[in-house]
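Me: Hello! I would like to learn how to read a protein structure, one feature at a time. Could you walk me through this one?

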Amino acid sequence: MKKCLFASLLAVLSLAGCTKTDPLEGTPAATPLRANGQGHTSGNTVPLKGSFTTVATPLPSSPGELRLQINGAGNVSHLGKARFLDYATVDFTSGPPFHATGTSTVTAANGDQYFTTFTVSITPRPNTTQSDVLLLHTIIGGTGRFSRATGFYTGHDVLDTTTPVGLLTIEGEISY
């Protein structure tokens with residue numbers, strides 16, 4: 001039951017009313033390369049916004065964790081029609097809030113891709129089927145025009161675990 005509940009939870013773990021505040025730290029978010037003292041790989045830094053319909057599928061998991069494959073389809077600025085594939089692992093050994101980490105591949109209609117790593121904080125609301133979901137994706141490269149991509153995107157939303165389908169909205173910036 002717990003696995004089913006959190007499979008639904010992570011199906012839309014990235015549901016967002018996005019901000020430029022790092023939801024996991026409470027401080028202004030900066031592109032990861034700026035944060036560690038490195039520069040961008042090009043002068044083409046642009047806002048990144050989009051939305052996806054999402055569906056999560058549980059994967060074989062170890063005790064204390066839940067592994068998921070999350071698929072999405074939608075539109076993203078600078079990609080147009082796009083799809084993504086995430087692999088996430090939720091850690092139940094401490095919390096709430098529960099934390100998840102994972103990797104993502106976002107693919108544009110022409111086949112160009114960018115890759116991310118991400119962290120998520122999931123806080124169940126007392127006496128409800130809802131949870132507050134906060135995320136941070138760090139763009140770490142890609143293919144085609146995104147081969148040297150860097151950047152980030154953040155999000156926040158309220159998740160209702162009674163429905164397995166979600167809506168992911170992203171906002172941040174990408175440099176490529």
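Me: Thanks for putting it up. What kind of model is this, and what pattern does the protein chain follow along the sequence?

Reply: Happy to help! This is a predicted model. The protein chain has two helices and 10 strands, and read from start to end the order is α-β-β-α-β-β-β-β-β-β-β-β. Of its 176 residues, 43% are buried. Among contacts with a separation of 6 or more, 60% are between residues 24 or more positions apart.

Me: Let me begin with one strand. Which side chains of strand S4 are buried, and which are not?

Reply: Start with the general idea: in a regular strand, side chains alternate between the two faces of the sheet. Now look at S4, which covers residues 65-76. Leu66, Leu68, Ile70, Gly72, Gly74 and Val76 point to one face and are buried. Glu65, Arg67, Gln69, Asn71, Ala73 and Asn75 point to the other face and are not buried.

Me: Which way do S3 and S4 run, and how many bridges join them?

Reply: S3, residues 45-59, runs antiparallel to S4, and 10 bridges join the two. To see the pairing by eye, find Thr53, which stands opposite Ala73 in S4. The two strands form a hairpin with five residues between them. In that turn, Gly64 has a positive phi of about 85°.

Me: And on the way to S5, how many bridges join it to S4?

Reply: There are 12 bridges between S4 and S5 (residues 80-91), and this pair is antiparallel too. Asn75 has Lys81 in S5 as its bridge partner. A hairpin links S4 and S5, with three residues between them.

Me: Could we follow a single residue? Is Ser51 buried or exposed?

Reply: Ser51 is found in strand S3. Its relative accessible area is 33%; buried means under 20% and exposed over 50%, so Ser51 is partly exposed. Leaving aside neighbours within four places in sequence, Ser51 is in contact with Ala73, Gly74, Asn75, Leu167, Leu168 and Thr169. You can also compare sequence with space: Ser51 and Ala82 are 31 residues apart in sequence, while their C-alpha atoms are 9.5 Å apart.

Me: Now for the inside. Which residues in the largest nonpolar core touch the most other members?

Reply: As background, nonpolar side chains in soluble globular proteins tend to be buried together. Here the largest nonpolar core has 33 residues, and Tyr114 and Ile174 touch the most other members. The elements giving two or more residues to this core are S3, S4, S5, S6 (98-108), S7 (113-124), S8 (130-142), S9 (150-160) and S10 (165-175).

Me: How many cavities of 30 Å³ or more does the structure hold?

Reply: The way to look for them is to roll a probe the size of a water molecule over the atoms, which shows where empty space is left. This structure holds two cavities of 30 Å³ or more. The largest cavity has about 40 Å³ of space. Ten residues line the largest cavity, and the closest to its centre are Phe84, Ser104, His137, Tyr153 and Leu168. S5, S6 and S10 each supply at least two residues of this lining. Sorted by class, the lining has six nonpolar, three polar and one charged residues.

Me: Finally, the backbone. Which residues that are not glycine have a positive phi here?

Reply: The general rule is that most residues other than glycine have a negative phi, and most peptide bonds are trans. Two cases to find are His78, with a positive phi of about 75°, and Asn127, with a positive phi of about 60°. His78 is in the loop between S4 and S5, and with 32% relative accessibility His78 is partly exposed. Asn127 lies in the loop between S7 and S8, and at 84% relative accessibility Asn127 counts as exposed.

Me: What about the peptide bonds from Gly95 to Pro96 and from Pro96 to Pro97: are they cis or trans?

Reply: The bond from Gly95 to Pro96 is cis, with omega near 10°. The bond from Pro96 to Pro97 is cis as well, with omega near 0°. To find them, look in the loop between S5 and S6, the place of Pro96 and of Pro97.

Conventions:
Residues numbered from 1 in each chain as written. Predicted model: local features only at pLDDT ≥ 70, side-chain atom pairs only at ≥ 80, totals over all residues. Heavy atoms only, no water. Buried < 20%, exposed > 50% of the residue type's maximum accessible area, 1.4 Å probe, protein only. Helix = DSSP H or I, 4+ residues; strand = E, 2+ residues; numbered from the N terminus. Pairing = 2+ DSSP bridges. Core = buried A, V, L, I, M, F, W, Y, C linked by side-chain atoms within 4.5 Å. Contact = heavy atoms within 4.5 Å. 1 Å grid on protein atoms, 1.4 Å probe; cavity = no way out; pocket = protein on both sides within 12 Å on 5 of 7 lines; lining within 4 Å. Points joined across faces, edges and corners; volume = space filled by probe spheres on them. Nonpolar A, V, L, I, M, F, W, Y, C, P; charged D, E, K, R; others polar.
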